[in-house]
Amino acid sequence: MSRPSLTARLAREAAARTAQSLQRRLRTLDGIEGPQLRLDGRTLVNFCSNDYLGLAQHLDVVAALQEAAAWHGAGAGAAPLVCGHHWEHAALEELVADWLGYPRALVFGSGYLANLGVLQSLLAPGDVCIQDKLNHACLLDGARQAGCELARYPHADFEGALRQLKARPGAAAMIATDGVFSMDGDLAPLQTLALLACAENALLYVDDAHGAGVLGPDGRGAVAHLGLGAREVPLRLITLGKAFGGYGAVLAGREELVEAVLQGARSYLFSTALPPALAAAGRVAIETARREGWRRLRLAGLITRFRRGAQQLGLPLLDSVTPIQPLMIGDNAGALAASQALEQRGFLVTAIRPPTVPDGRARLRITLTAAHSERQVDRLLDALGQVFGRDPALRTRADASGSGADPVY
């Protein structure tokens, strides 16, 4: 019996992706200026960026990056526990811990690395990790790497989470959830999950990547937005690559939890530390976001303006009060066609397809930022009206696009 060919299998998989309109294409930007970018020789208004507060090109943030790079170089030079933990990292950790109201914080290279490390270091075989079915892929991957049991509940279903916990009374448990779900834009039921965690002696961990900087008093995220703090949510993560316009992540939590992660997280122990210049830029970005609260107010106003206009056009938006505004299409080819039609009209809105979302739930993930103008939002609405008006088939409503298989994001 001959050994099966790996390259032949990869070729079959590539052909299947193409047939199902699932093949991705890497595109190279020529430049970015605020909410506009240059792509393939054209200037497009970007409505798919996570730079929610428009800080990626803020002069103070860029100056902090440049100055720190001039003093400290391009990289950290080593893993944190070797000799890569710089005072810039320590200053960022101190700032985040104080801002969010936690005893301690720890800088990671990215949110993905952080979630891998947190779950792998805190959970073990025999434990159970209870997760929302729409959690980001890195939370799922972290649980799998830990070797614990991964039990998923229907999206935002508190009773489903309760059933999963009750079915495993003898296992140490963590409830892990996004604060704001990255593709649907809605909030997790953190208040009820916190009550459940307390009642069932489980640890609640919240990845607040898409809420930090945008929601809550002082921009402290979805946790603070829902009136919760360190007592109810003993461990949480923010990332620097969304509202703060940079790169990296910071874990905040109780002393013993953060120490356990530091000692055992393989993605922390065996990765070169975040460049000190990025930590410096992240610190200035957080300080700027706190100081310039008008950015959150402006963003909230643009979200309201967009949703009101979309409702008048009868567009099938999901219910979201965050910068993430998913416009449901349903089929993959239709989502690609809508994205291409918008690009022809001067707007970049990427089509989101499986496995990032469930089968039958392809969409345009429209994201708003404080850097957008009201005129740009109105022009996008005009373009959406033209695209959907010319092709009634694209008006597939969210409740008609099917629940599909579990996504992996």
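**Exercise 1. Helix α14**

List the buried residues of α14, then check the length of this helix and look at both of its ends.

*Solution.* Let's start with burial. In this predicted model, the buried residues of α14 are Asn332, Gly334, Ala335, Ala338, Ser339, Ala341, Leu342 and Glu343.

Next comes the length. Helix α14 covers residues 332-344, which makes 13 residues. The expected span is 1.5 Å times one less than the number of residues, so a value of 18 Å should result for α14. The end C-alpha atoms are 19 Å apart, in agreement with that expectation.

Now the ends. At the start of α14, Asp331 brings a side-chain oxygen to within 3.5 Å of the backbone nitrogen of Ala333. Just after the helix, Gly346 adopts a positive phi of about 100°.

**Exercise 2. An aromatic pair**

Classify the pair formed by Trp99 and Phe244, and work out which parts of the chain this pair ties together.

*Solution.* Begin with the wider search: across the whole structure there are 3 aromatic pairs. One of them joins Trp99 and Phe244, with 5.9 Å centre to centre and 80° between the planes. Plane angles over 60 degrees count as edge-to-face, so this pair is edge-to-face.

Then place the two residues. Trp99 sits in helix α4 (residues 87-100), while Phe244 belongs to the loop between β9 (235-239) and β10 (249-253). The pair therefore ties together parts that are 145 residues apart in sequence.

Finally, are the two partners buried or exposed? The cut-off for buried is under 20% relative accessible area. Trp99, at 4%, is buried, and Phe244, at 1%, is buried as well.

**Exercise 3. The surroundings of Thr177**

Locate Thr177 and decide whether this residue is buried or exposed.

*Solution.* Thr177 is part of strand β7 (residues 173-178). Its relative accessible area is 0%, so Thr177 is buried. For its contacts, set aside the neighbours within four places in sequence; those that remain include Asp132, Asn135, Leu139, Tyr153, Ala188 and Leu190. Also among them are Leu193, Leu204, Tyr205, Val206 and Asp207.

**Exercise 4. The second largest pocket**

Describe the second largest pocket and find which element gives the largest share of its lining.

*Solution.* The volume of the second largest pocket is about 270 Å³. Its lining has 15 residues, and the closest to the centre are Ala194, Ala197, Cys198, Arg231 and Glu232. Both α8 (190-199) and β8 (203-207) supply at least two lining residues. The largest share, 5 residues, comes from α8.

Definitions and conventions:
Residues numbered from 1 in each chain as written. Predicted model: local features only at pLDDT ≥ 70, side-chain atom pairs only at ≥ 80, totals over all residues. Heavy atoms only, no water. Phe/Tyr/Trp six-rings, centres within 6.5 Å; stacked < 30°, edge-to-face > 60°. Helix = DSSP H or I, 4+ residues; strand = E, 2+ residues; numbered from the N terminus. Buried < 20%, exposed > 50% of the residue type's maximum accessible area, 1.4 Å probe, protein only. Polar contact = N/O pair within 3.5 Å; in protein donor to acceptor, adjacent residues only side chain to side chain. Contact = heavy atoms within 4.5 Å. 1 Å grid on protein atoms, 1.4 Å probe; cavity = no way out; pocket = protein on both sides within 12 Å on 5 of 7 lines; lining within 4 Å. Points joined across faces, edges and corners; volume = space filled by probe spheres on them.
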